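Open the model in your viewer and keep the sequence panel beside it. The tour below goes stop by stop, with something to select at each one.

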Amino acid sequence: MALGMEMFKMRKLIGSIISVSICASVLFTACTSNTGEGTLPSDSSVATQAMGDLTYTIETLNLSGQNTSTVYGSQLPGYLNHQYYFEGQPVSLTESNFYFIDTFTDFTQYAGYYYPATSEGFIDLSAPIETTGGTDEINQYSTYGDFYVSYAEEMLESALIINKLAAEDGITLSDETQAEIDSVMNNISSSGAAPAGLSVDEYLSIYYGEGTTEESFRATIERYYIADVYTQAWIDSYEFDESEITVPNIRYALFADMEGTPESLAAAQEAADALYAEADGNLDTFAVEGALAYTNGTCYQYGEIPTPNDGSIDAVFTEWAWDESREVGDIDVIYTENFGYFVVGYVGTTEVDDATKDQIAVAALSHEISDAIDNNTYNFYTDIAFEPAPTVPEISYDDMTIPTQTSAPVEGQVGGMTGSKALDIVLIIFAAVGGVAIIGLAVVGAMSFTKNNKQDSTKKSTKEKSNGDN
């Protein structure tokens, strides 16, 4: 499996990984993986529904008295229902809430691992950002709430821009896609709202903010799908430069510093040096010994990876691969601060696979959009200021009442520390929508926060309306 994709921690090696879709199967897994087994209230029932080729089970709760606070904790509701404007037109509150909630659930999957967590089991939006060891992109924000708002706004504006471009190109949804959306909406009604004794409007308002209606939610989903269609059309028409798809092919063995201690770092270096000595400058020997080290558990990961020079792979790794003096057969030991020691070998050049070509095309689209956002090309703003998130007690590991995982979360899993069944239901909704490959939207936000030329920390919510008043 490609470097950076096999284990959760390998995300750190990939500077701006391209998410090809919101993976329905992973999200379905998230519905039970938080606690190992779900425990239902005594008045709960289980509804099983089929959607296309997918069959899933929804644990239906008594939703009386439920609202966004009980679903997402006490901090998120203050960030919802902010009226945004794009190119002089008000943005649907349902659409803005959709992306703010999507971002919140995405961040929450790392609560307690990379981000601080509250005792409610979600990312702590009130927590200050500690600048020690942080990136320049995140250090420009005072709190995780500030970082969250900026990220969510980037996702929302990206969606609006892509939809505007799609409209200019005359892109519409096919009858088949409209039928898929019908299925999504029907399943929300039959599997969520009806068993809970609620109207669809009431049900959706619990999970997407007060005032969400079946009509506004469907319109949001349609625009979500249109963005996907536009992104796919961009990929299909993208013309590659030869230099984009012909890249160094690097054989590698990673001896990761898993514990982050001087002793574990020294052990990783010693193991890497030992493999380097055994290889003795021979790529074939390196292949045999590297595979053996991985099988024996000495090596954290082993394989070969095409290495584009686009910032998507660790900078030290990429610099070694693209060194102008590099020759086939070169073997070396390099150290990357993110993980530890690599034994690397230069196999030659290779053409990237189709999936990587898709990523390259999407990266080009996302750079174009993020540049437009940074340059204020489009008029996007809100007049409503965001109040600081209320303080919620931090999670206590001495007096734990929320089930926790013993390892880092699986890629795509939401709610690393929450066992909320209400949140599980909203994941089902996202999973149903996630049948589309919304790669354009999924990557823009991540890329904008890894760019070295991020302009400043001024949030869009307070920036001047540079393209005219509304």
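Is valine 328 buried or exposed? Select valine 328 and switch on a surface to look. Valine 328 is exposed, because its relative accessible area is 58%, and the cut-off for exposed is over 50%. Bear in mind that this is a predicted model.

**Around valine 328**

Valine 328 sits in the loop between α12 (315-321) and β7. Now add Leu283, Tyr346, Val347 and Gly348 to the selection: valine 328 is in contact with these, leaving aside its neighbours within four places in sequence. Draw a distance between the C-alpha atoms of valine 328 and valine 347; the viewer should give 5.4 Å, although the two residues are 19 apart along the chain.

**The whole protein**

Zoom out. The protein has 470 residues, and 50% of them count as buried. Its secondary structure consists of 15 helices and nine strands. The accessible surface comes to about 20800 Å², with 47% of it belonging to carbon and sulfur atoms. Of the contacts between residues at least 6 apart in sequence, 75% join residues at least 24 apart.

Colour by confidence next. The average pLDDT of the protein is 75, and 69% of the residues score at least 70. Select residues 1-59: here the pLDDT is below 50, and the stretch has 153 contacts in the model beyond near neighbours in sequence. Then select residues 399-432, where the pLDDT is also below 50 and the contacts beyond near neighbours in sequence number 109.

**The four-stranded sheet**

Which strands form the open sheet of four, and in what order? Show the cartoon and follow β6-β5-β8-β7; the pairing is antiparallel. The edges are β6 and β7 (331-336), each of which pairs on one side only. Neighbouring strands of this sheet are turned by 30° against each other on average, direction ignored.

Select strand β5, residues 246-256. Of its 11 residues, 10 are buried, so β5 is largely enclosed by the rest of the structure.

Stay with β5 and look at its partners:

- Strand β8 (residues 340-351) pairs with β5 in the antiparallel sense over 11 bridges. To find one of them, pick alanine 256, whose bridge partner in β8 is glycine 340.
- Strand β6 (residues 301-306) pairs with β5, again in the antiparallel sense, over six bridges. Pick arginine 251 to find its bridge partner glutamate 304, then leucine 254 to find its bridge partner glutamine 301.

As background, strands of a sheet pair through backbone hydrogen bonds, either parallel or antiparallel.

**The three-stranded sheet**

Move to the open sheet with the order β4-β3-β9, which has three strands and antiparallel pairing. Its edge strands are β4 (89-90) and β9 (380-382), each pairing on one side only. Select strand β3, residues 84-86: three bridges join it to β9, and the two run antiparallel. One place to look is tyrosine 85, which has tyrosine 381 as its bridge partner in β9.

Now add helix α5, residues 144-168. This helix lies across β3 and β9, and runs at about 35° to β3.

**Serine 96**

Select serine 96, which lies in helix α3 (residues 93-108). Serine 96 is buried, because its relative accessible area of 2% falls under the 20% cut-off. A polar atom of the serine 96 side chain lies 3.0 Å from the backbone oxygen of leucine 93. Leaving aside neighbours within four places in sequence, the residues in contact with serine 96 are His82, Tyr84, Val91 and Leu156.

**Serine 205**

The last stop is another serine. Where is serine 205 found? Select helix α7, residues 200-208: serine 205 is found there. Its relative accessibility is 19%, so serine 205 counts as buried, given that buried means under 20%.

Which backbone oxygen does the side chain of serine 205 reach? Show sticks for threonine 212: the side chain of serine 205 reaches its backbone oxygen at 3.1 Å. To complete the view, add Thr68, Glu210 and Gly211, which along with Thr212 are in contact with serine 205 when its neighbours within four places in sequence are left aside.

Definitions and conventions. Residues numbered from 1 in each chain as written. Predicted model: local features only at pLDDT ≥ 70, side-chain atom pairs only at ≥ 80, totals over all residues. Heavy atoms only, no water. Buried < 20%, exposed > 50% of the residue type's maximum accessible area, 1.4 Å probe, protein only. Pairing = 2+ DSSP bridges. Contact = heavy atoms within 4.5 Å. Areas by Shrake-Rupley, 256 points an atom, 1.4 Å probe, with all protein chains shown as cover. Axes fitted to C-alpha atoms, helices over the stretch in contact; angles between N-to-C directions. pLDDT = per-residue confidence, 0-100. Polar contact = N/O pair within 3.5 Å; in protein donor to acceptor, adjacent residues only side chain to side chain.
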